[in-house]
Amino acid sequence: MEFLTGRKEKEVLELKSLLSYGKTGQEVKVNGAVMNIRNMGDIAFIILRKRDGVLQTVFEKGVTKAELSQLKEETFVEVTGFVEPEERAPHGVELRLTGVRILSRPEAPVPIAVSKWKMGASLEARLDMRPLTLRNVRERARFKIEEGIARAFREFLQGEGFTEIHTPKIGARGAEGGANVFKLDYFHRPAVLAQSPQFYKQMMVGVFDRVMEIGPVFRAEKHNTKRHLNEYTGLDFEMGYIDDFTDIMAMETGFLQHMVSLLRTEYGQELGLLRAELPKVDEIPCIAFTQAKELAAEKYGTVIKNPYDLEPEEEHLIGRYFKEEYGADFVFVTHYPSKKRPFYAMDDPEDPRFTRSFDLLFRGLEVTTGGQRIHDYRELLAKIEKRGMDTEGMDDYLNTFKYGMPPHGGLGIGLERMTMQLLGEENVREVSLFPRDMSRLVP
């Protein structure tokens, strides 16, 4: 009988450990995937792809105990060799191989140039072969940045006293009260996939005061644009005992500052690989909805078509205006019309036509929607009645307020949109691992 007492110490080094090893001329063991082979005759340069970068190795005839002909791209290997300095190699070191052990070989030639800087294939072709194309170092770097954004969200909010929760994604009705929900049969009862964790995170404010979640969001909207997905990852938080909705915006500003700091400190390699420019987050301007539309229309000579919402073109122009006038990458647009906000959004007491809510635009694209919620039970019922809404399936949510709730508010951030804007990508599918849209259910 054996007992496990923790993780195993292994002699195989990862790239980070290898670079900090500090002993050139020492034989080490490394594993990885063959990314590229440059055969020069008596020697060959074999580039290995590792989880945290690439490593140059040197295969020498008569020295390396292996057959070069047995190696091809996407062969997974374990190699031994001596670490030597080489300033022309990635990270300034290379491994002079003494042995190669093949872990697995591809059964067929790779159908796309995974090892190239740019694979030369359309987005649709790359998505069709996503499990392969994500092996490309540039493609996968996007998802390391996405990891960094989610990590920063979790780290910052936990430091601010938020409890991470995990809410159900199958429910009796949608939180937004609209028709854009995916319907399903739940043991012969109608159910829907969650549009957001809105109801649950509000309920949990009465339990933990401050809650956050990172999870999937489903929207059955029949769109086919470069900025929409039917399933995306939401970064959500809700916080109680607020003075007003500006507390929510201030908390998000703090998160963004932590995000930029973390990415700069720990994701510099990926940022450099993608040539991404981190945004300015030391201060973020705020402007009321109506004023923002008027400023953009006046400066760029456009006509305001929809007085109740921002058109994509208007988002772009507002972002452009604040970049040109203030050097700002982000701008909070506040006081959205009540007509276009969900029933739980708190109306502005000074002008109930507008709400204490906001969107955050990042380089001309909305990446966050948030605001203060109605916490008074009677006020909530009155607004539901005024809108002529059906409360079926909302009993548990409404009962939460019947027994008292603190003033609170929160927001939702689209992780993929945030990543897309940070990296300057044109299509949100570039930063979705396996995107789901109107036409795509695989891979």
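Where is the place of phenylalanine 187? The legends below take up this residue and three further sites in a predicted model.

**View 1. Phenylalanine 187 in the loop between β8 and β9.** The residue has its place in the loop that runs between β8 (183–186) and β9 (189–193). Phenylalanine 187 has a positive phi of about 50 degrees, although it is not a glycine. Because its relative accessibility is 66%, and exposed means over 50%, phenylalanine 187 counts as exposed.

**View 2. Arginine 363 in the loop between β16 and β17.** Set between β16 (357–362) and β17 (365–372), the loop shown here holds arginine 363, a residue that is not a glycine and yet has a positive phi of about 50 degrees. Arginine 363 counts as partly exposed, because its relative accessibility is 28% and this class lies between the limits of 20% and 50%.

**View 3. A negative surface patch that includes Glu392.** The patch is formed by Asp390, Glu392, Asp395 and Asp396. Of these residues, glutamate 392 is found in the loop that links α10 (377–386) and α11 (395–402), and with a relative accessible area of 62% glutamate 392 is exposed.

**View 4. The cis peptide bond from valine 442 to proline 443.** The bond that leads from valine 442 into proline 443 is cis, with omega near -10 degrees. Proline 443 has its place in the segment that comes after α12 (415–423).

Technical notes:
Residues are numbered from 1 along each chain as its sequence is written. This is a predicted model: local features need pLDDT of at least 70, side-chain atom pairs count only at pLDDT 80 or more; totals for chains, interfaces and linings use all residues. Side-chain values use heavy atoms; hydrogens and water are left out. Patches are made of residues with over 30% relative accessible area and no salt bridge: like charges are joined within 9 Å, nonpolar side chains (Val, Leu, Ile, Met, Phe, Trp, Tyr) within 5 Å. Accessible areas come from the Shrake-Rupley method with a 1.4 Å probe; for residues, only the protein chains shown count as cover. A salt bridge is a side-chain nitrogen of Lys or Arg within 4 Å of a carboxyl oxygen of Asp or Glu. Lys and Arg count as positive and Asp and Glu as negative; His and the chain ends are not counted. The place of a charge is taken as NZ of Lys, CZ of Arg, CG of Asp or CD of Glu. Helices (H or I, at least four residues) and strands (E, at least two) are DSSP runs, numbered from the N terminus. Buried means under 20% relative accessible area, exposed over 50%, partly exposed in between (1.4 Å probe, protein chains only).
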